[in-house]
Amino acid sequence: MAQWFAAKAAAGSALVFFRMGDFFEMFHDDAEAASEALGLALTHRGEHQGRPIRMCGVPAHSHEAYLARLIRRGFRVAICEQVETPEEAKARRAPTIRREIVRIVTPGTATEEALLDAARPTWLLAVVKGGAAWLDVTTGLFFTQATTDPAGLIARLDPSEILAEEALQIENAVVCISPRDAPARLATALGVASLEGFGSFGDAEIAAAAMAVEYVRAVNNGALPRLSPPVAEGAKGVLLLDAATRRSLDILEGPRGASLLAAVDRTLTGAGARELSARLASPLDDLAAIRARHEAVAELHEDSHRRGAIRSALKGAPDMARALARISLERFFPRDLGAIRDGLQRAARLAAAMEAAAPALLAQAIAPLSALPDTAAELLRGLASELPVRLDDGSVIAAGYDGELDALRRLRDDARGAIAAMQLDLAQAWGVAALKIRHHQQLGYLAEVPAAAGEKLLRGAPPKAVGDLAPIHRQSMANAHRFTCTALANLDRRLSEAGDQAGKRERLVIAHLRQIILAEAEAIAAAAREMAAVDVLAASAELATEGAWCRPELTERPDFAIEAGRHPVVEAALRKARGPGFVPNDCDLSPGHRLCLLTGPNMAGKSTWLRQNALMVILAQAGLFLPAAAARIGLVDRLFSRVGASDDLAGGRSTFMVEMTETAAILNLAGPRSLVVLDEVGRGTATWDGLAIATAVLEALHDRIRCRTLFATHFHELTVMANRLPEMRLAAMQVREWRGEVIFQHSVAAGAAEKSWGVHVAKLAGVPSPVLKRAAAVLASLEDRSREAADPLTSEMPLFAPAYAAPENPVLDALAKLDPDKLSPREAQDALYNLKALAAGTEAL
């Protein structure tokens with residue numbers, strides 16, 4: 001327990017996995033927290049300061065599964081291992097085996113396969129005032145950025161763990177400080193004398209990068225994974241999206257898994273899925289780079305044979321980047337060595353499949369993919385075809401690769417063959433035909449005989465059982481006895497020595513192969529990156545083929561023309577549910593009509609149309625094709641989407657306050673190259689206040705900011721602004737009324753909606769009929785009052801459209817429409833039932 005208290009003091013808030021034999025035990029408060037999180041039984045053993053010691057534990061051989069559950073719950077876990085054998089402890093006359101914390105597992109530094117999502121990067125984000133850095137220890141990727149908007153960066157990256165200075169007060173962040181002499185510490189970690197060779201970095205970026213690297217070093221007990229040179233993101237042209245826009249569009253995550261990423265992901269590898277996620281989270285703002293991606297996708301879209309060969313080479317390809325990270329940290333398994341071997345072979349096949357490809361992105365990938373034939377051949381020759389689970393299991397190295405190892409294996413295997421001969425000799429000498437030689441973990445090889453035969457041997461040895469074959473009793477069991485003898489003990493020693501020597505030699509050969517891999521680490525990482533990039537390009541071509549998606553035309557002009565566009569997520573959901581086909585719609589925000597005011601009822605598809613056009617920009621600038629018949633999009637530098645309403649209870653902000661904050665950000669940050677999507681601005685306050693705010697926002701977007709804008713509203717009064725805003729056009733969701741029922745057509749047409757159909761939507765929601773009838777009557781009264789109002793503002797922008805008037809008596813109205821002379825007996829009966837229902841107030845309005 002003294003060791004545990006020392007480990008806990010070093011681990012701080014982390015739970016301590018304390019190794020005791022075959023279990024990792026937890027004590028005191030750690031045990032209570034772990035038992036609740038993992039559903040383990042909480043027990044007590046011994047006392048500390050007069051109180052029972054609470055404890056619980058997990059088996060060491062399966063601890064990763066429990067570790068994964070704790071990490072997902074947000075815990076940090078310190079692994080306290082036994083760092084010597086019992087024999088070594090006895091040799092130094094110590095009362096206990098020495099134990100030390102070998103690493104601290106955190107959400108952003110975990111490398112074990114069981115703790116990772118193959119399709120998502122594991123970003124560790126460090127934030128200081130004015131700058132940020134983020135790295136993925138599982139792949140070595142490393143980026144920095146000068147930023148004053150940590151919230152936007154957090155929303156973009158969705159990091160597994162955040163480090164931040166205390167003054168920044170970032171929620172759920174681990175409080176850290178940047179180390180002194182950050183440039184020197186960072187350069188040392190990267191193995192260089194100066195950072196100048198990697199580019200230009202601000203002081204805040206270097207401070208954040210050093211904070212991240214030192215944190216990784218601390219939790220790994222001084223070790224660092226292989227890290228790529230940091231890349232300053234400030235030099236990259238990316239489409240800017242704020243946190244509200246990312247939440248609004250469900251880019252990487254959505255309700256019930258319905259996200260843009262899930263809808264468009266056709267990748268075949270975990271690395272490819274991570275690359276696609278990164279591209280959707282950070283679309284480009286560089287026309288040449290975007291066109292290069294589109295050109296590669298178009299080539300693979302048209303050449304189905306090449307696309308098939310590429311996807312065949314990628315299918316089942318291992319994750320070389322993450323295997324390389326575990327190898328660099330000496331935290332690897334035989335399958336990680338096999339992943340490098342098999343991955344390099346797949347890379348060579350992939351390079352062959354892309355031979356003579358014209359697009360630059362495909363042609364440039366061939367050299368990195370085929371750069372390591374000698375390393376691939378060496379690993380193929382050195383590693384066994386069937387690899388064990390653990391390094392200690394042996395048989396990792398192939399026969400014939402190392403002569404000394406082969407000799408030791410033959411000696412070990414011959415000794416094992418001698419066990420059979422020894423068993424025969426003992427059976428004859430002791431007169432026990434059922435004798436079996438078995439191996440015991442602590443006692444070594446023992447001769448096991450049935451209980452009756454064992455009793456005879458205990459009473460006296462047979463005449464032949466003399467000298468080295470004389471039985472020595474070691475253990476009694478219910479149905480058997482176990483004996484040894486000098487000859488068996490000598491054989492056990494020779495076998496153990498041969499096995500130990502073979503194991504030591506195999507570990508040396510494995511270390512040799514590890515050094516070969518690490519010597520080519522950068523080239524292997526480059527091949528892994530190209531495999532991921534090609535996977536995304538081929539997957540995008542596959543998606544375009546199966547979904548009839550088009551190649552967008554990207555321009556520098558402020559164009560935006562989508563023909564027969566579809567929402568990729570909604571369309572995928574309808575297809576999965578085998579529902580009706582998605583209704584495509586056009587959208588044109590090109591110069592001359594760059595502001596579209598959309599009206600129409602709820603449930604008609606306004607939000608879907610708004611979001612789908614915002615998603616068109618993300619897909620196009622990420623390098624994918626679009627779900628449309630044709631598309632021409634001028635490059636967008638910032639995308640703002642405020643669709644849907646929500647409050648911020650924890651922050652003490654109402655829905656309207658959140659809406660106004662997000663609208664303020666748009667008005668302050670949007671520019672002429674931006675695309676702005678707004679839904680029902682001003683709905684959360686009094687009618688006239690909301691109408692006034694919506695009017696002012698529309699005017700600012702049209703007159704001052706002059707950006708492409710989609711603006712949906714229920715304020716029909718805003719439609720009159722089309723008479724004085726020359727670049728504003730009107731659009732409306734189409735609705736039909738049929739026999740008192742409302743049919744939403746989900747199509748967009750020019751013009752303004754006649755009314756909001758709110759009472760009909762209330763009926764669809766199940767509002768009781770008396771309430772609906774009263775609402776219809778109040779609506780008619782308000783419309784009449786609005787038409788007769790003397791107030792000039794009301795007369796210019798009436799609050800309600802005058803087109804709809806509820807019938808005074810639905811029974812008489814229905815009766816007047818009947819022609820008794822043309823009714824069949826059955827139709828007359830139906831009409832009578834209908835009139836009776838109308839009189840009772842149960843018929844549709």
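This briefing describes an open sheet and a set of parallel strand pairings in one structure. The model is predicted, so that local features need pLDDT of at least 70 and side-chain atom pairs count only at pLDDT 80 or more, while totals for chains, interfaces and linings use all residues. Residues are numbered from 1 along each chain as its sequence is written, and side-chain values use heavy atoms, with hydrogens and water left out.

**The open sheet**

- Six strands (DSSP runs of E, at least two residues, numbered from the N terminus) make up an open sheet with mixed pairing, in the order β11-β10-β7-β8-β9-β12, where two strands pair if DSSP finds at least two bridges between them.
- At the edges of this sheet lie β11 (174–175) and β12 (231–232), each of which pairs on one side only.
- Strand β9 (residues 142–146) runs parallel to β12 and is joined to β12 by two bridges; Thr144 has Ala232 as its bridge partner in β12.

**Strand β24 and its partners**

- Strand β23 (residues 638–642) is joined to β24 by four bridges in a parallel arrangement, and Leu639 stands opposite Leu675 of β24.
- With strand β25 (residues 708–712), β24 pairs in the parallel sense over five bridges, and here Leu675 stands opposite Arg708.

**Burial of β24**

- Strand β24 (residues 675–679) is mostly covered, with five of its five residues buried, that is, under 20% relative accessible area with a 1.4 Å probe and protein chains only.
- In a regular strand the side chains alternate between the two faces of the sheet.
- Both faces of β24 are covered, with Leu675, Val677 and Asp679 buried on one side and Val676 and Leu678 buried on the other.

Conventions. Buried < 20%, exposed > 50% of the residue type's maximum accessible area, 1.4 Å probe, protein only.
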